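Please open the model in your viewer and keep the sequence panel visible. The tour below proceeds by selections, each followed by a description of what is found there.

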Amino acid sequence: MSELNSKADQLKRQADLLGLTREAVFTDEQAKEVLQGKITDGYLVKVKIDLDSLNGMVLILVSSIRKHIMELYAVVGNSPTFRRIRTFADHVQISTDLGDIGKTAGYDPAMSENIGRAVHRAFTKEKLEELLPLWQKKDPSHIAEILENPILMATKGRNIKLQAEVDKISTAKFRYENPMKGVILPIPKPEDEAASAQDTSVPSVSTEPTKGEVSPLERQIAHFRTGFPKELNMKTVISPINGVEFDNLMEGMEILFRVPTETPEGLTNAQILGLIDEEGKIKKEPIVGKFLGIASNKTEYHIFAEGPNQYLFHSIEEHPVKVAVPKPAAMAGSGNKAGAGQTQKKKGGNAQSQDSKSSGANLFMLMGAFVTIVLIGVLIFVMVIL
């Protein structure tokens, strides 16, 4: 049985590697040659970052055949483990160290994603076509020059030092054996990068200024984005019965959102918000955001709210809906009102009881005085007659 299990595991591994290799090449013949070791289908670019008081690593897996980035990992923070990582080290050891950093929460997910997105934008397909012949010669000299300014702009840093190395590698083996799997997620390609590749001026979630004429909706959206370091795409939690209508939402009111985890970007956002535990499970509880406002053009309704750590929550609805609010707060409010009403009733009842008691005492005193006067009058009358 053990031999059968071993052979089954080998067959499964080969099938998985074949499937991953096909994503980096154009033909099945190329995939077979890669798995046989006849050709290499990719490069791993290893970049060490010293940025102000932070340290980090960026790993960029590039298909040398399709000429595009397959996976990109950026891990930046203040963990002491960063200091012992060297770019010339084996990529498995580097990935293991980065995975350990991820398990101990020794990095900044938001800063790491900003750097990853900047690297995505810097390594366009045209730029990769220029660099691939140099990497064939194991020449990484231009990498630091290309990445310094984009990273500084993305992080608003001041001092930066980059060290880079390039390894020829099997993209499938890197992805299949990656020690970071399930701990650190790859940084997805920015949506606005895909838009610029198609030469379109339609803005996505990018905060870069729009070229050409700006629509009223885009101006509204830009207004809400001002002052926020990062924007997260979210889903509004809808509550048709107990929710609050758009017209009744007030600035600062707490409303509920969920992270759309169906996409790589959503998984990254879930990790940024601390919704993924050590076992890789995603918490299902909604996230609270403080309502800022709605930008709309009658066909799209963009809801903005301030989330934790000054993240800007942004969700889109096609028509007005009733937005869910935190239940405990609503229940506490109604409970307080009910308690206040009961307290007022008790106070009113006590007051009425005290008034009735005082009125009875006064009546008793008047009756006593009247009886005393009558008795005195009778005594005086009897004494006069006698």
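A residue is called buried when its relative accessible area is under 20%, and exposed when that value is over 50%. By this criterion, 39% of the 386 residues of the protein chain count as buried. The model is a predicted one. Colour it by secondary structure to display the 11 helices and 12 strands of the chain. Among contacts between residues at least 6 apart in sequence, 66% join residues at least 24 apart.

**Stop 1: the largest nonpolar core**

Select Phe123, Trp135 and Leu147. Of the 33 residues in the largest nonpolar core, these three touch the most other members. Next, show the elements that each supply at least two residues of this core: the strands β1 (42–51), β2 (54–63), β3 (68–77) and β4 (160–169), together with the helices α4 (109–122), α5 (125–136) and α6 (143–155). The largest share, 6 residues, comes from α6.

Centre the view on Phe123, which is situated in the loop between α4 and α5. Is Phe123 buried or exposed? Its relative accessibility is 3%, so Phe123 counts as buried. Leaving aside neighbours within four places in sequence, the contacts of Phe123 are Ile60, Ile69, Leu128, Leu131, Ile143, Ile146 and Leu147. Draw a distance from Phe123 to Ile69: the two are 54 residues apart in sequence, yet their C-alpha atoms are 8.1 Å apart in space.

Move on to Leu147. With residues up to four places away in sequence not counted, Leu147 touches Val47, Val119, Ala122, Phe123 and Leu162. Then select Val244, Leu275, Ile287 and Tyr311, which are included in a second, separate core of 22 residues.

**Stop 2: Asn55**

Return to strand β2 and select Asn55, which lies within it. At 15% relative accessibility, Asn55 counts as buried. Which side chain makes a polar contact with that of Asn55? The partner is the side chain of Asp50, at 2.6 Å. Beyond four places in sequence, Asn55 also touches Ile49, Val75, Val76, Gly77 and Phe82, among others.

**Stop 3: helix α9**

Select residues 216–225, which form α9, and highlight the buried residues Leu217, Ile221, Phe224 and Arg225. Now look down the axis of α9: its buried residues fall within an arc of 100 degrees and therefore line one face of the helix. The face turned away from this buried side carries the exposed residues Pro216 and His223. After α9 comes Gly227, whose phi is positive, near 90 degrees.

To see what covers the buried residues of α9, add β5 (230–233), β9 (287–296), β10 (301–306) and β11 (311–317), which are included in that cover. The helix lies across these four strands, running at about 150 degrees to β9.

**Stop 4: the sheet beneath the selection**Hide α9 and display the open sheet, whose 6 strands follow the order β5-β11-β10-β9-β8-β6 with mixed pairing. Which strands stand at the edges? They are β5 and β6 (235–236); each has a single partner strand, so one side of each is left without a neighbour in the sheet. Strands of a sheet pair through backbone hydrogen bonds, in either a parallel or an antiparallel manner. Finally, zoom in on β9 and β10, which run antiparallel and are joined by 6 bridges. Select Lys290 to finish: its bridge partner in β10 is Glu306.

Definitions and conventions: Residues are numbered from 1 along each chain as its sequence is written. This is a predicted model: local features need pLDDT of at least 70, side-chain atom pairs count only at pLDDT 80 or more; totals for chains, interfaces and linings use all residues. Side-chain values use heavy atoms; hydrogens and water are left out. A nonpolar core is a set of buried Ala, Val, Leu, Ile, Met, Phe, Trp, Tyr and Cys residues joined through side-chain atoms within 4.5 Å. Buried means under 20% relative accessible area, exposed over 50%, partly exposed in between (1.4 Å probe, protein chains only). Contact means heavy atoms within 4.5 Å. The arc is that of the directions from the helix axis to the C-beta atoms. Two strands pair if DSSP finds at least two bridges between them. Axes are lines fitted to C-alpha atoms, for helices over the stretch in contact, and angles run from 0 to 180 degrees between N-to-C directions. A polar contact is a pair of N or O atoms within 3.5 Å; within protein, one must be able to donate a hydrogen and the other to accept it, and residues adjacent in sequence count only if both atoms are side-chain atoms.
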